[in-house]
Amino acid sequence: METWYFLAGLFLFTMFAFLVWAGISKKRTEDRLDNPNAPKSSLAKDGPGPNPVTAPRHDHA
């Protein structure tokens, strides 16, 4: 019976930790979307484009 209490507690703690992490992540994302000075993603249509240093190369020898 003690094992079930331990597993239930572990489950509840994990779910609570996940919800806290998701809430913080959501807040950070919304803050970034509201910030007009935030840099655009390189994948965005109006973004700076891929970084030429890290972009994959298609050299055909």
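**Notebook: salt bridges, surface and pocket**

I began with the ion pairs of this predicted model, and by the rule of a Lys or Arg side-chain nitrogen within 4 Å of an Asp or Glu carboxyl oxygen, I count two salt bridges.

**Entry 1, Lys26 and Glu30.** I looked up the pair Lys26 and Glu30 and found a salt bridge in which the closest N and O atoms are 2.5 Å apart. Because these residues stand four apart in helix α1, about one helical turn separates Lys26 from Glu30. For Glu30 I noted a relative accessible area of 37%, so I entered this residue as partly exposed.

**Entry 2, Lys27 and Asp31.** I then turned to Lys27 and Asp31, whose side chains also meet in a salt bridge, with 3.0 Å from N to O. Both residues belong to helix α1 and, being four residues apart, are set off by about one turn of the helix. Asp31 has a relative accessible area of 40% and is therefore partly exposed, and Lys27, at 49%, is likewise partly exposed, because the exposed class begins only over 50%. As a general reminder to myself, side chains of opposite charge can pair when their charged atoms come close.

**Entry 3, the chain as a whole.** I checked the secondary structure next and found one helix and zero strands in the protein chain. Of the 61 residues in the chain, 2% are buried. I recorded an accessible surface of about 6,300 Å² for the protein chain, with 65% of that area belonging to carbon and sulfur atoms.

**Entry 4, a nonpolar patch.** Which residues make the nonpolar surface patch of about 790 Å²? I listed Met1, Trp4, Tyr5, Phe6, Leu7 and Leu10 as the residues that form this patch. I followed up Trp4, which lies in helix α1, a helix spanning residues 2–34. The relative accessibility of Trp4 is 62%, so I put this residue down as exposed, the cut-off for that class being over 50%.

**Entry 5, the largest pocket.** Last, I searched for open space, since rolling a probe the size of a water molecule over the atoms shows where empty space is left. The largest pocket has a volume of about 160 Å³. What lines the largest pocket? I wrote down Thr29, Arg32, Leu33, Ala38, Pro39, Lys40 and Ser41 as its lining residues. Sorting the lining of the largest pocket by residue class, I obtained three nonpolar, two polar and two charged residues.

Key:
Residues are numbered from 1 along each chain as its sequence is written. This is a predicted model: local features need pLDDT of at least 70, side-chain atom pairs count only at pLDDT 80 or more; totals for chains, interfaces and linings use all residues. Side-chain values use heavy atoms; hydrogens and water are left out. Patches are made of residues with over 30% relative accessible area and no salt bridge: like charges are joined within 9 Å, nonpolar side chains (Val, Leu, Ile, Met, Phe, Trp, Tyr) within 5 Å. Accessible areas come from the Shrake-Rupley method with a 1.4 Å probe; for residues, only the protein chains shown count as cover. Helices (H or I, at least four residues) and strands (E, at least two) are DSSP runs, numbered from the N terminus. Buried means under 20% relative accessible area, exposed over 50%, partly exposed in between (1.4 Å probe, protein chains only). On a 1 Å grid over the protein atoms alone, a cavity is a set of points where a 1.4 Å probe fits but cannot get out, and a pocket is an open set with protein on both sides within 12 Å along at least five of seven lines; lining residues have an atom within 4 Å of a point. Grid points are joined across faces, edges and corners, and a volume is the space filled by probe spheres set on the points. Ala, Val, Leu, Ile, Met, Phe, Trp, Tyr, Cys and Pro count as nonpolar, Asp, Glu, Lys and Arg as charged, and the others, Gly among them, as polar.
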